[in-house]
Amino acid sequence: MVAGVMVSLTTTPAMAAELESTAASSPEFTLDSIESAVAASNGLERSAAGGLEAALTTAVSQKGTEAFVDRSLTFADNESSHALSAVGQGFVDLSWADIPGNDGYVISRDGEQIATTESTSFRDPGASVSAHEYHISTTAAKPKSDWRPDEAEAVDAGSAPPRSGYNWILFTQPLSPGAKVTDLAASVMTQTLATGASRILWSTFIASQYVDAPAIGCEYGTGYRFLGDNRSWIVPGQFTPGPYRVYTKAAVWWSHPAGAQMVGTDAGIGTTHVVNSSGTIIASRTATDWSAQTVPMSTENQVSMDIRTSFQARNPFCSSGSIAGNYNATLTRAGSYAIGGEHRGAPNHEIYVYAESGLGTGPISTPSTAYRREVVDFSCLIGIACPLQSIISQGSY
């Protein structure tokens with residue numbers, strides 16, 4: 001149920017012709033028709049839950065077909081993020097925003113491509129009796145204002161203009177044969193209301209025990225080392241965060257009290273230790289010139305939220321360079337996310353998304369591993385130019 005991240009796709013004409021044949025019937029629930037379809041369902045039972053009843057609701061098409069609709073993403077301020085799914089007896093309808101300059105849309109179910117289409121909607125017949133994860137992907141020309149410096153240089157050197165893609169993720173719940181769409185709506189609503197907060201944890205760490213100090217640029221050079229964190233990736237099933245260089249924890253409080261902030265952040269920075277050739281710590285400092293913040297990027301509601309997180313922190317023993325990164329993320333209370341951003345090429349970076357019950361005081365869901373990237377080059381930390389690493393991730397939590 002999310003959009004706005006880059007993808008790279010190739011489909012041969014023969015494959016496209018074969019995949020298009022799967023779209024046997026036309027969808028009845030689309031972004032264009034959904035308002036009237038929801039209005040037509042006033043005879044069906046609904047739950048009232050502070051805005052969620054409009055996002056997770058029942059609908060009736062012009063043909064009289066009933067469906068449960070998840071249109072959480074239509075509440076996003078960014079219209080290119082808009083998409084919905086509708087589950088009825090014997091079908092799943094998908095609909096998404098039109099992206100100008102696209103090369104068509106590729107549709108995948110549970111990781112397998114099932115269709116391509118020039119339309120902005122699709123019906124998957126007979127797929128409603130199981131839970132499914134759908135990807136709708138396309139590529140489009142990237143606006144010149146969004147080109148990175150290296151992309152602009154490549155174009156100046158004769159390369160084709162860069163392309164950015166959009167990728168919607170839509171998760172559908174099963175509707176058993178003979179079951180009522182109102183029962184499905186009530187079940188999904190109950191699950192969604194159990195999410196009091198959604199969080200994104202971004203942790204950076206040095207996996208090794210030591211890192212050699214650079215020859216220049218720092219107070220301690222050749223013959224000295226910096227103490228690492230000596231750990232591997234966080235294990236989502238256990239989810240015990242280990243030592244870190246910098247971490248940020250962005251939160252969206254879906255059930256925040258009146259007058260309280262809906263979006264917040266918690267952040268921390270680790271102490272930097274210098275060791276000599278025998279491994280003895282001879283100096284320790286914590287950076288004083290570091291910052292981290294998370295800000296809302298869309299209007300507050302209890303359905304979806306766009307946020308932006310950024311941070312930077314300099315090694316307190318070095319004159320330049322830093323750990324730095326940023327991302328834009330879309331979170332839905334129903335359990336989907338999309339993250340897009342970039343960071344410097346050192347140290348290791350890991351991002352996890354999870355839900356908490358209550359107001360962030362209850363149990364957490366098993367965190368979803370959204371992103372991992374090993375260090376590219378430690379020289380990135382002392383100001384030597386190196387390419388930024390892109391964060392591209394979407395999924396459920």
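Start with the open sheet of 5 strands in this predicted model. Colour its strands in the order E14-E13-E10-E21-E22, and you will see that the pairing is antiparallel. Strand E14 (263-269) and E22 are at the edges with a single partner strand each, so one side of each has no neighbour in the sheet. On average, neighbouring strands here are turned by 10° against each other, direction ignored.

Now zoom in on one pair within this sheet. Select residues 197-205, which are strand E10, together with residues 246-253, which are strand E13. The two run antiparallel and are joined by 8 bridges. To find one residue pair, pick Thr 204: its bridge partner in E13 is Val 246.

Next, select His 349, which sits in strand E21 (residues 348-356). Is His 349 buried or exposed? Its relative accessibility is 0%, so His 349 counts as buried. Show side chains here, and look for the polar contact between the side chains of His 349 and Trp 202, at 3.1 Å. Beyond its neighbours within four places in sequence, His 349 is also in contact with other residues, among them Ser 203, Trp 233, Phe 311 and Tyr 371.

Step back to the loop between strand E20 (336-343) and E21, where you will find Pro 347. What kind of peptide bond joins Ala 346 and Pro 347? This one is cis, with omega about -5°. As a rule, most peptide bonds are trans.

From there, go to Cys 386, in the loop between strand E22 (368-373) and strand E23 (389-396). Cys 386 has a relative accessible area of 24%, which means that the residue is partly exposed. Add Gly 345 to the selection: the two residues are 41 apart in sequence, yet 7.1 Å apart in space from C-alpha to C-alpha. Leaving aside neighbours within four places in sequence, Cys 386 is in contact with Gly 345 and Cys 380.

How many disulfides does the structure hold? There is 1, and to see it you should select Cys 218 and Cys 318, whose sulfur atoms are 2.0 Å apart. The torsion about this S-S bond is about 95°, so the disulfide is right-handed. Cys 218 is in the loop between strand E11 (210-212) and strand E12 (225-227), while Cys 318 is in the loop between strand E18 (304-313) and strand E19 (323-332), so the pair ties together parts that are 100 residues apart in sequence. Both Cys 218 and Cys 318 are buried.

Another open sheet is your next stop, with 4 strands in the order E11-E12-E15-E16 and antiparallel pairing. E11 and strand E16 (281-285) are at its edges; each has a single partner strand, so one side of each is left without a neighbour in the sheet. The twist from one strand to the next averages 30°. Inside this sheet, 2 bridges join E12 to strand E15 (residues 272-275), and Arg 225 has Val 275 as its bridge partner in E15.

Finish with two loop residues and their backbone angles. In the loop between E12 and E13, select Asn 230. Asn 230 is not a glycine, but its phi is positive, about 50°. With 52% relative accessibility, Asn 230 counts as exposed. Then move to Asp 110, in the loop between strand E5 (105-109) and strand E6 (112-117). Phi of Asp 110 is also positive, near 55°, and its relative accessible area of 47% makes Asp 110 partly exposed. Most residues other than glycine have a negative phi.

Note on methods: Residues are numbered from 1 along each chain as its sequence is written. This is a predicted model: local features need pLDDT of at least 70, side-chain atom pairs count only at pLDDT 80 or more; totals for chains, interfaces and linings use all residues. Side-chain values use heavy atoms; hydrogens and water are left out. Buried means under 20% relative accessible area, exposed over 50%, partly exposed in between (1.4 Å probe, protein chains only). A polar contact is a pair of N or O atoms within 3.5 Å; within protein, one must be able to donate a hydrogen and the other to accept it, and residues adjacent in sequence count only if both atoms are side-chain atoms. Contact means heavy atoms within 4.5 Å. A disulfide is a pair of cysteine sulfur atoms within 2.5 Å. Two strands pair if DSSP finds at least two bridges between them. Axes are lines fitted to C-alpha atoms, for helices over the stretch in contact, and angles run from 0 to 180 degrees between N-to-C directions.
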